[in-house]
Amino acid sequence: EEYDISQEQAMAWPVGEIEVERGVASEVNRIRREMRDMGPVNTGAVQEYERIKERWDFLSAQRIDLEDAQGQIQAAITEIDINTRDLFMNTYSSVALNFDAMFKQLFGGGKTELTLTQPNNLLDTGIEITVQPPGKRLQDMALLSGGERALTATAFVFALLLAKPSPFVVMDEVDAPLDESNVERFADVLKQFSERSQFIVITHNRSTMEAADYLYGVTMQEPGISKLISVRLTGERSPNHEPAYSTAE
């Protein structure tokens with residue numbers, strides 16, 4: 001039973017043909033102990049191995065696909081970063097030139113400078129704006145008066161529109177801090193840019209209104225009842241040469 005042979009096979013075994021070396025008995029005992037420690041044989045081990053191997057092969061294939069996808073995404077990110085840096089620098093250079101030109105047009109002179117806060121990290125860099133209005137030194141925008149800051153910001157917006165025109169622009173009380181001469185320059189620039197973009201300007205300034213093609217206002221002739229009044233300042237006029245207008249409740 002121990003050697004898994006029948007009694008007849010054991011009795012028929014030739015005597016004296018087996019030579020036993022020294023230490024074989026102890027080695028046999030050691031192996032027997034190890035076999036006992038292994039416990040009973042798992043007859044389902046083969047099927048379990050096949051199941052686990054199939055799962056392993058599936059996960060390995062998934063891992064390879066993910067690593068390939070990661071490489072492709074990383075390559076795409078690198079390409080996008082390179083294109084973004086090139087596009088940013090081209091736009092930055094264009095806006096810097098346009099900003100200086102628009103600043104001089106709105107202020108009647110002066111000088112501007114755009115500086116990158118992190119020149120070696122274009123994807124996270126900021127932009128510092130320093131300007132020199134006529135008769136003043138080069139300084140940061142924070143040191144300008146309210147009207148100068150508003151006009152500088154307006155010049156920067158127009159510089160961006162020169163670099164990349166927009167079909168539709170809304171400006172809310174941009175001219176509020178400006179004096180009369182600066183409002184006239186602002187209105188001239190609006191007329192210049194209105195050839196390529198449509199502007200909606202919310203304003204209370206008479207000079208800006210006079211530069212507009214259409215006026216839209218809200219009035220309350222009766223308490224609690226608002227009326228929208230539109231006035232066309234260009235094109236066909238009414239017979240008495242007054243601006244044509246219409247009202248709507």
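The following questions and answers concern a predicted model of one chain. In this predicted model, local features need pLDDT of at least 70 and side-chain atom pairs count only at pLDDT 80 or more, while totals for chains, interfaces and linings use all residues. Residues are numbered from 1 along each chain as its sequence is written, and side-chain values use heavy atoms, with hydrogens and water left out.

User: How many helices and strands does the chain have, and in what order do the elements run?
Analyst: Helices (H or I, at least four residues) and strands (E, at least two) are DSSP runs, numbered from the N terminus. On that basis the chain has six helices and eight strands. From the N terminus on, their order is α-α-α-β-β-β-α-β-α-β-α-β-β-β.

User: What radius of gyration does the chain have, against that of a compact globule of 249 residues?
Analyst: The radius is taken over C-alpha atoms, and the globule rule is 2.2 Å times the number of residues to the power 0.38. The C-alpha trace spans about 140 × 50 × 30 Å along its principal axes. A compact globule of 249 residues would have a radius of gyration near 18 Å, but that of the chain is 43 Å.

User: What percentage of the 249 residues count as buried?
Analyst: Buried means under 20% relative accessible area, exposed over 50%, and partly exposed in between, with a 1.4 Å probe and protein chains only. Of the 249 residues of the chain, the share that counts as buried is 22%.

User: In what order do the three strands of the open sheet stand, and which of them are at the edges?
Analyst: Two strands pair if DSSP finds at least two bridges between them. S1 and S2 (residues 127-132) are antiparallel over six bridges, and two bridges join S2 to S3, also in the antiparallel sense. The three strands form an open sheet in the order S1-S2-S3. Each edge strand has a single partner strand, so one side of each is left without a neighbour in the sheet, and these edge strands are S1 and S3 (139-140).

User: Which residues of S1 point to the buried face?
Analyst: Side chains alternate along S1 (residues 111-116), with Lys111, Glu113 and Thr115 pointing to one face and not buried. In the pairing with S2, Thr112 stands opposite Val131, Glu113 opposite Thr130, and Leu114 opposite Ile129. The side chains that point to the other face and are buried are those of Thr112, Leu114 and Leu116.

User: Which residue in the turn between S2 and S3 has a positive phi?
Analyst: S2 and S3 form a hairpin with six residues between them, and Val131 of the pairing stands opposite Gln139 in S3. The turn residue with a positive phi, of about 85 degrees, is Gly135.

User: At what angle to S1 does helix H3 run?
Analyst: Axes are lines fitted to C-alpha atoms, for helices over the stretch in contact, and angles run from 0 to 180 degrees between N-to-C directions. Ala96 is found in helix H3, and its C-alpha atom is separated by 9.8 Å from that of Ile129, 33 residues apart along the chain. Helix H3 (residues 45-107) lies across S1 and S2, and its angle to S1 is about 160 degrees.

User: With which residues is Leu123 in contact, leaving aside its neighbours within four places in sequence?
Analyst: Leu123 has its place in the loop between S1 and S2, and is partly exposed, with a relative accessible area of 36%. Contact means heavy atoms within 4.5 Å. With those neighbours left aside, the contacts of Leu123 are Asp81, Thr84 and Arg85.

User: How do the residues of the contact of H4 with H5 divide into nonpolar, polar and charged?
Analyst: H4 (residues 146-163) and H5 (residues 180-193) pack at an angle of about 10 degrees, with their axes 12 Å apart. That makes H4 roughly parallel to H5, a label for angles under 35 degrees. The contact is made by Leu151, Thr154, Phe158, Leu161 and Leu162 of H4 and Asn182, Phe186, Val189, Leu190 and Phe193 of H5. With Ala, Val, Leu, Ile, Met, Phe, Trp, Tyr, Cys and Pro counted as nonpolar, Asp, Glu, Lys and Arg as charged, and the others, Gly among them, as polar, the contact has eight nonpolar, two polar and no charged residues.

Technical notes: Parallel < 35°, antiparallel > 145°, perpendicular 65-115°, else oblique.
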